[in-house]
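I opened this notebook to record what I looked up in the structure, entry by entry. I begin with one pairing inside a sheet and widen the view from there.

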Amino acid sequence: KVTPNNPRTSAQQLVRGFFGSISQGWSALTEEQRASWNNAVENWKRTDVFGNLRTPSGKALYQRLNNELQISGQAQLTTAPNLVEIPASGITSVLIDATDTMDIEYTGDLSGFRVQVYATPPLSAGTSNANNRFRLIGSYAGAVGATLPVGSDYVAKFGLISADMNIQVRLKIVAPNGQCSPLYQTKAIPA
């Protein structure tokens with residue numbers, strides 16, 4: 001029998017803290033607040049990987065939305081929100097031009113939303129699928145068709161940048177109600 005490895009990294013501890021505080025938050029809700037979450041689940045159905053429409057429980061909905069809010073640095077919700085329209089957006093370019101400079105340009109009006117940026121460490125040139133390598137770089141205030149200077153946050157996470165690196169980047173838009181966009185993904189382009 002192999003004992004699983006548990007490195008207890010600071011990032012791991014932070015995520016565990018998020019789960020703990022969200023779980024305690026659910027326990028601290030009043031019956032009326034819990035009822036608002038339980039009554040809202042019909043509006044928050046999602047399609048799973050098999051194409052089946054799934055309805056979350058009230059607690060699962062509370063956890064999902066508040067987890068996204070906590071990661072993006074927004075206020076937690078105690079009552080279920082209404083759905084909002086997430087503005088269309090996409091990454092237009094990710095430019096690397098120095099050892100600590102990485103700028104992500106995107107389209108769309110994201111005022112009032114948060115933009116979560118995920119990136120991979122430097123990958124070998126032939127790597128195209130890096131789904132398990134993405135890490136959160138930071139959460140930034142959205143604006144109208146803006147440029148996010150994420151280089152210093154990337155360097156803090158993975159080390160210095162060079163123009164010949166294969167780095168993949170993802171953006172996720174998070175609304176003030178915890179609702180998220182699909183991930184927008186691209187490769188970084190050395191300048």
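**Entry 1: a strand and its partners.** I first looked up Asp-103, whose bridge partner in β7 is Pro-149; strands here are DSSP runs (E, at least two residues), as helices are (H or I, at least four residues), both numbered from the N terminus. I note that this is a predicted model, in which local features need pLDDT of at least 70 and side-chain atom pairs count only at pLDDT 80 or more, whereas totals for chains, interfaces and linings use all residues. Residues are numbered from 1 along each chain as its sequence is written, and side-chain values use heavy atoms, with hydrogens and water left out.

Strand β4 (residues 101-106) and strand β7 (residues 147-149) run antiparallel and are joined by three bridges, two strands being paired if DSSP finds at least two bridges between them. I also found Glu-105 standing opposite Thr-147 in β7. Towards strand β3 (residues 91-98), I found six bridges to β4, again with antiparallel strands, and here Val-94 stands opposite Ile-104. The connection from β3 to β4 is a hairpin through two residues.

I then asked which residues of β4 lie on its covered face and which on its uncovered one. Met-102, Ile-104 and Tyr-106 make up the covered face, while Thr-101, Asp-103 and Glu-105 make up the uncovered one.

**Entry 2: the sheet.** I traced an open sheet of four strands in the order β7-β4-β3-β10, with mixed pairing. Because β7 and β10 (189-190) each have a single partner strand, they stand at the edges, and one side of each is left without a neighbour in the sheet.

**Entry 3: the cores.** I looked next at the largest nonpolar core, which has 26 residues; such a core is a set of buried Ala, Val, Leu, Ile, Met, Phe, Trp, Tyr and Cys residues joined through side-chain atoms within 4.5 Å. Met-102, Ile-104, Val-117, Leu-148, Val-150 and Ile-167 have the most contacts inside it. The elements giving two or more residues to this core are β3, β4, β5 (114-119), β6 (135-141) and β8 (168-174). I noted a second, separate core of twelve residues, which includes Leu-29, Val-41, Trp-44 and Tyr-62.

For Ile-167 I listed contacts (heavy atoms within 4.5 Å). Leaving aside neighbours within four places in sequence, Ile-167 is in contact with residues including Ile-96, Met-102, Ala-119, Tyr-154, Ile-161 and Ala-188.

**Entry 4: helix α2.** Which residues of α2 are buried? I found Gln-33, Arg-34, Trp-37 and Ala-40, where buried means under 20% relative accessible area, exposed over 50% and partly exposed in between, with a 1.4 Å probe and protein chains only. Seen down the axis of α2, these buried residues fall within an arc of 130 degrees, so they line one face of the helix; the arc is taken over the directions from the helix axis to the C-beta atoms. An α-helix has 3.6 residues a turn, so residues three or four places apart point the same way. The buried residues of α2 pack against α1 (10-28) and α3 (58-71), while the face turned away from them carries the exposed Glu-31, Glu-32 and Asn-39.

Within α2 (residues 31-40) I singled out Arg-34, which counts as buried because its relative accessible area is 17%. A polar contact of 2.8 Å joins its side chain to that of Glu-31; the term covers a pair of N or O atoms within 3.5 Å, where within protein one must be able to donate a hydrogen and the other to accept it, and residues adjacent in sequence count only if both atoms are side-chain atoms. Not counting residues up to four places away in sequence, Arg-34 touches Trp-26, Ser-27 and Leu-29.

**Entry 5: Trp-44.** I located Trp-44 in the loop between α2 and β1 (46-47), and it is buried, at 4% relative accessibility. Trp-44 and Gln-179 are 135 residues apart in sequence, yet 9.6 Å apart in space, C-alpha to C-alpha. Beyond residues up to four places away in sequence, Trp-44 touches, among others, Pro-56, Leu-61, Pro-81, Asn-177 and Gln-179.

**Entry 6: the whole chain.** I closed with the protein chain, which has four helices and ten strands, and of whose 191 residues 38% count as buried.
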